[in-house]
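Me: Please take a close look at one part of the model shown below, and then describe the setting in which it is found. A single connected account would be preferred.

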Amino acid sequence: MTLRERLLAARARLTAAGVDHNEAVLDTNLLARHVLRYSRAEMLLRQEDPTPDGFETAFNALIERRARREPAAYIRGLQEFWNRDFEVTPDVLIPRPESELIVEELLALLPVDAPALPRRVADIGTGSGCIAVTVAAERPHLHLVATDISRLALDVARTNATRAGVSAQIEFLECAYLSGTTGTFDFILSNPPYVTAAEYEQLQPEVREYEPEIALQAGEDGLRDIRQIVDVSAVRLKPGGTLFMEIGHTQAEAIADLIAAFPSLTLARISNDLQRIPRVAVIERKITDL
(Lines give C-alpha, C1' and ligand atoms only; values in the text may rest on other atoms or scores of the structure.)
Protein backbone atom coordinates (compact mmCIF):
# COMPACT_ATOMS: atom_id res chain seq x y z
CA MET A 1 0.00 0.00 0.00
CA THR A 2 1.31 3.46 -0.89
CA LEU A 3 1.36 6.33 1.54
CA ARG A 4 -1.36 8.09 -0.47
CA GLU A 5 -3.62 5.04 -0.28
CA ARG A 6 -3.08 4.76 3.46
CA LEU A 7 -3.96 8.42 3.95
CA LEU A 8 -7.16 7.99 1.92
CA ALA A 9 -8.18 5.05 4.10
CA ALA A 10 -7.47 7.07 7.24
CA ARG A 11 -9.57 9.97 5.98
CA ALA A 12 -12.46 7.61 5.34
CA ARG A 13 -12.12 6.28 8.90
CA LEU A 14 -12.26 9.78 10.37
CA THR A 15 -15.20 10.97 8.29
CA ALA A 16 -17.10 7.82 9.23
CA ALA A 17 -16.47 8.75 12.86
CA GLY A 18 -18.06 12.18 12.32
CA VAL A 19 -14.98 14.28 11.70
CA ASP A 20 -15.53 17.07 9.16
CA HIS A 21 -14.09 16.11 5.75
CA ASN A 22 -11.73 19.09 5.55
CA GLU A 23 -10.48 18.43 9.07
CA ALA A 24 -10.01 14.76 8.21
CA VAL A 25 -7.84 15.69 5.23
CA LEU A 26 -5.71 18.07 7.29
CA ASP A 27 -5.42 15.83 10.32
CA THR A 28 -4.47 12.64 8.47
CA ASN A 29 -1.63 14.52 6.79
CA LEU A 30 -0.61 16.17 10.04
CA LEU A 31 -0.59 12.92 12.00
CA ALA A 32 1.25 11.06 9.23
CA ARG A 33 3.90 13.78 9.14
CA HIS A 34 4.14 13.56 12.92
CA VAL A 35 4.91 9.82 12.74
CA LEU A 36 7.22 10.07 9.73
CA ARG A 37 8.83 13.39 10.74
CA TYR A 38 8.30 14.63 7.19
CA SER A 39 8.11 18.25 6.12
CA ARG A 40 5.12 19.39 4.08
CA ALA A 41 7.22 19.26 0.92
CA GLU A 42 8.55 15.77 1.67
CA MET A 43 5.03 14.54 2.34
CA LEU A 44 3.92 15.69 -1.11
CA LEU A 45 6.93 14.19 -2.86
CA ARG A 46 6.58 10.75 -1.26
CA GLN A 47 2.85 10.12 -1.76
CA GLU A 48 3.46 7.13 -4.04
CA ASP A 49 6.12 5.52 -1.83
CA PRO A 50 5.25 2.32 0.04
CA THR A 51 4.45 2.98 3.69
CA PRO A 52 7.69 2.72 5.69
CA ASP A 53 8.31 -0.08 8.19
CA GLY A 54 6.68 0.62 11.53
CA PHE A 55 4.45 3.34 10.15
CA GLU A 56 1.18 1.39 10.14
CA THR A 57 1.14 0.56 13.85
CA ALA A 58 2.05 4.03 15.04
CA PHE A 59 -0.23 5.82 12.54
CA ASN A 60 -3.22 3.54 13.24
CA ALA A 61 -2.99 4.30 16.96
CA LEU A 62 -3.12 8.05 16.30
CA ILE A 63 -5.97 7.76 13.81
CA GLU A 64 -8.03 5.75 16.29
CA ARG A 65 -7.51 8.44 18.91
CA ARG A 66 -8.64 11.06 16.40
CA ALA A 67 -11.66 8.90 15.49
CA ARG A 68 -12.66 9.13 19.16
CA ARG A 69 -12.71 12.89 18.48
CA GLU A 70 -9.57 13.70 20.43
CA PRO A 71 -8.08 16.86 18.89
CA ALA A 72 -5.01 16.37 16.72
CA ALA A 73 -3.20 19.05 18.74
CA TYR A 74 -3.46 16.98 21.92
CA ILE A 75 -2.46 13.83 20.06
CA ARG A 76 0.68 15.51 18.72
CA GLY A 77 1.22 17.65 21.81
CA LEU A 78 1.77 20.65 19.55
CA GLN A 79 -0.23 23.43 17.92
CA GLU A 80 1.00 26.15 15.56
CA PHE A 81 0.37 29.79 16.50
CA TRP A 82 1.94 32.78 14.72
CA ASN A 83 4.25 30.38 12.81
CA ARG A 84 5.63 28.85 16.02
CA ASP A 85 4.89 25.45 17.51
CA PHE A 86 3.50 25.55 21.05
CA GLU A 87 3.32 22.59 23.37
CA VAL A 88 -0.24 21.84 24.45
CA THR A 89 -1.82 19.44 26.92
CA PRO A 90 -5.45 18.91 27.98
CA ASP A 91 -4.73 21.43 30.76
CA VAL A 92 -4.75 24.31 28.26
CA LEU A 93 -7.01 25.59 25.52
CA ILE A 94 -5.69 24.80 22.04
CA PRO A 95 -4.41 28.04 20.44
CA ARG A 96 -6.60 29.18 17.57
CA PRO A 97 -5.86 31.40 14.56
CA GLU A 98 -8.50 33.94 15.66
CA SER A 99 -6.49 34.75 18.78
CA GLU A 100 -3.59 35.89 16.62
CA LEU A 101 -5.64 39.06 16.06
CA ILE A 102 -4.86 40.13 19.65
CA VAL A 103 -1.14 39.94 18.85
CA GLU A 104 -1.65 41.70 15.53
CA GLU A 105 -3.53 44.59 17.15
CA LEU A 106 -0.88 45.11 19.83
CA LEU A 107 2.08 44.93 17.46
CA ALA A 108 0.43 47.51 15.21
CA LEU A 109 0.76 49.99 18.08
CA LEU A 110 4.38 49.01 18.65
CA PRO A 111 6.15 49.04 15.28
CA VAL A 112 9.54 47.32 15.15
CA ASP A 113 11.27 50.63 14.40
CA ALA A 114 9.49 52.54 17.19
CA PRO A 115 11.53 53.68 20.22
CA ALA A 116 11.88 50.78 22.68
CA LEU A 117 10.20 52.55 25.57
CA PRO A 118 9.57 50.63 28.81
CA ARG A 119 6.09 49.10 28.67
CA ARG A 120 4.20 46.93 31.14
CA VAL A 121 2.03 44.28 29.52
CA ALA A 122 -0.31 41.80 31.22
CA ASP A 123 -1.82 38.65 29.71
CA ILE A 124 -4.85 37.51 31.72
CA GLY A 125 -5.65 33.79 31.51
CA THR A 126 -2.48 32.95 29.62
CA GLY A 127 -3.20 29.21 29.19
CA SER A 128 -0.51 27.80 26.89
CA GLY A 129 1.17 31.19 26.91
CA CYS A 130 0.76 31.52 23.14
CA ILE A 131 -0.15 35.21 23.25
CA ALA A 132 2.38 36.32 25.86
CA VAL A 133 5.20 34.26 24.34
CA THR A 134 4.48 35.52 20.83
CA VAL A 135 4.40 39.16 21.95
CA ALA A 136 7.65 38.71 23.88
CA ALA A 137 9.34 37.06 20.90
CA GLU A 138 8.17 39.72 18.45
CA ARG A 139 9.07 42.66 20.70
CA PRO A 140 12.13 41.72 22.79
CA HIS A 141 12.08 45.02 24.72
CA LEU A 142 8.73 44.21 26.34
CA HIS A 143 8.30 42.64 29.75
CA LEU A 144 5.07 40.83 30.53
CA VAL A 145 3.13 39.44 33.44
CA ALA A 146 1.10 36.35 32.49
CA THR A 147 -1.55 35.12 34.92
CA ASP A 148 -3.69 32.01 35.18
CA ILE A 149 -5.62 30.27 37.95
CA SER A 150 -4.35 26.88 36.76
CA ARG A 151 -0.90 25.84 37.97
CA LEU A 152 -0.80 23.11 35.34
CA ALA A 153 -1.52 25.62 32.59
CA LEU A 154 1.27 27.85 33.88
CA ASP A 155 3.67 24.90 33.71
CA VAL A 156 2.82 24.53 30.02
CA ALA A 157 3.21 28.28 29.44
CA ARG A 158 6.63 28.30 31.11
CA THR A 159 7.73 25.42 28.89
CA ASN A 160 6.65 27.37 25.81
CA ALA A 161 8.45 30.48 26.98
CA THR A 162 11.63 28.44 27.38
CA ARG A 163 11.19 26.88 23.91
CA ALA A 164 10.91 30.37 22.41
CA GLY A 165 13.82 31.79 24.42
CA VAL A 166 11.72 34.48 26.14
CA SER A 167 11.58 33.22 29.74
CA ALA A 168 13.45 36.27 31.02
CA GLN A 169 10.76 38.58 29.61
CA ILE A 170 7.73 36.96 31.22
CA GLU A 171 6.70 36.61 34.86
CA PHE A 172 4.12 33.85 35.31
CA LEU A 173 1.75 34.20 38.27
CA GLU A 174 -0.91 31.86 39.61
CA CYS A 175 -3.81 34.20 40.37
CA ALA A 176 -7.23 35.31 39.14
CA TYR A 177 -7.16 38.18 36.68
CA LEU A 178 -4.49 40.57 38.05
CA SER A 179 -5.01 39.93 41.76
CA GLY A 180 -1.40 38.81 42.28
CA THR A 181 0.10 41.88 40.59
CA THR A 182 0.69 45.48 41.58
CA GLY A 183 0.77 48.74 39.70
CA THR A 184 -0.68 49.68 36.35
CA PHE A 185 -0.15 48.40 32.83
CA ASP A 186 0.27 50.00 29.42
CA PHE A 187 -1.49 47.08 27.77
CA ILE A 188 -3.71 44.26 28.98
CA LEU A 189 -4.31 41.25 26.73
CA SER A 190 -6.84 38.49 27.27
CA ASN A 191 -8.57 35.60 25.56
CA PRO A 192 -11.07 34.89 28.35
CA PRO A 193 -13.79 32.27 28.56
CA TYR A 194 -16.82 33.65 26.69
CA VAL A 195 -18.98 30.67 25.68
CA THR A 196 -22.49 30.68 27.14
CA ALA A 197 -23.77 27.70 29.09
CA ALA A 198 -26.19 26.87 26.25
CA GLU A 199 -23.50 27.21 23.56
CA TYR A 200 -21.17 24.97 25.53
CA GLU A 201 -23.60 22.06 25.33
CA GLN A 202 -23.64 22.40 21.52
CA LEU A 203 -19.88 22.47 20.99
CA GLN A 204 -18.17 19.77 18.93
CA PRO A 205 -16.98 16.73 20.90
CA GLU A 206 -13.37 17.75 20.23
CA VAL A 207 -13.96 20.88 22.31
CA ARG A 208 -16.61 19.86 24.84
CA GLU A 209 -15.09 16.51 25.77
CA TYR A 210 -11.38 17.31 25.66
CA GLU A 211 -10.60 21.00 26.19
CA PRO A 212 -10.76 22.51 29.70
CA GLU A 213 -14.26 23.77 30.42
CA ILE A 214 -12.87 26.43 32.75
CA ALA A 215 -11.18 28.08 29.74
CA LEU A 216 -14.36 28.11 27.66
CA GLN A 217 -17.60 28.42 29.58
CA ALA A 218 -18.49 31.77 31.16
CA GLY A 219 -21.98 31.50 32.61
CA GLU A 220 -25.45 31.98 31.19
CA ASP A 221 -24.59 35.01 29.06
CA GLY A 222 -20.90 34.26 28.44
CA LEU A 223 -19.86 37.57 29.99
CA ARG A 224 -18.82 36.51 33.50
CA ASP A 225 -15.07 36.83 32.93
CA ILE A 226 -15.36 39.67 30.45
CA ARG A 227 -17.12 41.80 33.08
CA GLN A 228 -14.35 41.10 35.58
CA ILE A 229 -11.59 41.91 33.10
CA VAL A 230 -13.21 45.18 32.07
CA ASP A 231 -13.71 46.10 35.73
CA VAL A 232 -10.05 45.38 36.50
CA SER A 233 -8.85 47.22 33.39
CA ALA A 234 -10.74 50.38 34.35
CA VAL A 235 -8.41 50.63 37.35
CA ARG A 236 -5.22 48.83 36.32
CA LEU A 237 -4.68 50.31 32.87
CA LYS A 238 -2.56 53.43 32.78
CA PRO A 239 -4.37 56.50 31.41
CA GLY A 240 -4.03 56.10 27.66
CA GLY A 241 -3.50 52.35 28.02
CA THR A 242 -5.35 49.72 26.00
CA LEU A 243 -7.12 46.43 26.64
CA PHE A 244 -7.20 43.92 23.77
CA MET A 245 -9.77 41.23 24.52
CA GLU A 246 -11.15 38.38 22.44
CA ILE A 247 -14.96 38.12 22.49
CA GLY A 248 -17.69 35.81 21.25
CA HIS A 249 -19.21 36.25 17.81
CA THR A 250 -22.55 37.53 19.20
CA GLN A 251 -21.18 39.76 21.96
CA ALA A 252 -20.30 43.01 20.18
CA GLU A 253 -23.44 44.87 21.26
CA ALA A 254 -23.19 43.62 24.84
CA ILE A 255 -19.55 44.73 24.99
CA ALA A 256 -20.46 48.20 23.76
CA ASP A 257 -23.15 48.49 26.44
CA LEU A 258 -20.76 47.23 29.10
CA ILE A 259 -18.01 49.72 28.24
CA ALA A 260 -20.49 52.60 28.11
CA ALA A 261 -21.10 52.06 31.84
CA PHE A 262 -17.45 52.88 32.66
CA PRO A 263 -16.72 56.62 32.51
CA SER A 264 -12.96 55.94 32.41
CA LEU A 265 -13.10 53.65 29.37
CA THR A 266 -13.92 54.00 25.70
CA LEU A 267 -14.52 51.29 23.09
CA ALA A 268 -12.13 52.24 20.31
CA ARG A 269 -13.30 49.48 17.95
CA ILE A 270 -14.15 45.84 17.60
CA SER A 271 -11.91 44.19 15.01
CA ASN A 272 -13.09 41.40 12.76
CA ASP A 273 -11.17 38.19 12.16
CA LEU A 274 -10.46 36.74 8.72
CA GLN A 275 -14.02 35.37 8.53
CA ARG A 276 -15.33 38.92 9.17
CA ILE A 277 -16.57 37.88 12.61
CA PRO A 278 -16.30 40.48 15.42
CA ARG A 279 -13.42 39.06 17.42
CA VAL A 280 -11.26 41.51 19.40
CA ALA A 281 -12.52 44.44 21.45
CA VAL A 282 -10.01 47.28 21.65
CA ILE A 283 -10.79 49.28 24.79
CA GLU A 284 -8.87 52.36 25.88
CA ARG A 285 -8.58 54.05 29.23
CA LYS A 286 -9.13 57.74 28.83
CA ILE A 287 -6.27 60.11 29.54
CA THR A 288 -8.51 62.00 31.94
CA ASP A 289 -11.11 59.98 33.82
CA LEU A 290 -14.49 61.64 33.92
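Reply:
**A loop residue and its setting**

Arg276 lies in the loop that runs between strand S8 (265–272) and strand S9 (278–285); helices (H or I, at least four residues) and strands (E, at least two) are DSSP runs, numbered from the N terminus. The model is predicted, so local features need pLDDT of at least 70 and side-chain atom pairs count only at pLDDT 80 or more, while totals for chains, interfaces and linings use all residues. Residues are numbered from 1 along each chain as its sequence is written, and side-chain values use heavy atoms, with hydrogens and water left out.

Although Arg276 is not a glycine, its phi is positive, at about 65 degrees. For context, most residues other than glycine have a negative phi. Arg276 is exposed, with a relative accessible area of 71%; exposed means over 50%, buried under 20% and partly exposed in between (1.4 Å probe, protein chains only).

Tyr177 is another residue that has a positive phi without being a glycine, here about 55 degrees. Tyr177 belongs to the loop between strand S5 (170–174) and S6, and with a relative accessible area of 22% it is partly exposed.

The strand that follows Tyr177's loop is S6 (residues 185–190), which is mostly covered, with six of its six residues buried. S6 pairs in the parallel sense with strand S3 (residues 120–124) over four bridges, where a pair requires that DSSP finds at least two bridges between the strands. Within that pairing, Ser190 of S6 is the bridge partner of Ile124. S6 also pairs in the parallel sense with strand S7 (residues 237–246), over five bridges, and Leu189 stands opposite Phe244 in S7.

Two further residues have contacts in this region, contact meaning heavy atoms within 4.5 Å. Ser233, in helix H11 (residues 224–236), is buried at a relative accessible area of 1%. Apart from neighbours within four places in sequence, Ser233 is in contact with Ile188, Leu243 and Leu265. Arg119, in the loop between helix H6 (100–109) and S3, is partly exposed, with a relative accessible area of 27%. With neighbours within four places again left aside, the contacts of Arg119 are Leu110, Leu142, His143, Asp186 and Phe187. Arg119 and Arg66 are 53 residues apart in sequence, and their C-alpha atoms are 43 Å apart in space.

Helix H7 (residues 130–138) is largely enclosed by the rest of the structure, because seven of its nine residues are buried. These are Cys130, Ile131, Ala132, Val133, Thr134, Val135 and Ala136.

For the protein chain as a whole, the secondary structure amounts to twelve helices and nine strands. Of its 290 residues, 50% are buried. Its C-alpha trace spans about 70 × 40 × 35 Å along the principal axes. The radius of gyration is 21 Å, which agrees with the value near 19 Å for a compact globule of 290 residues; the radius is taken over C-alpha atoms, and the globule rule is 2.2 Å times the number of residues to the power 0.38. Among contacts with a separation of 6 or more, 67% join residues 24 or more positions apart.
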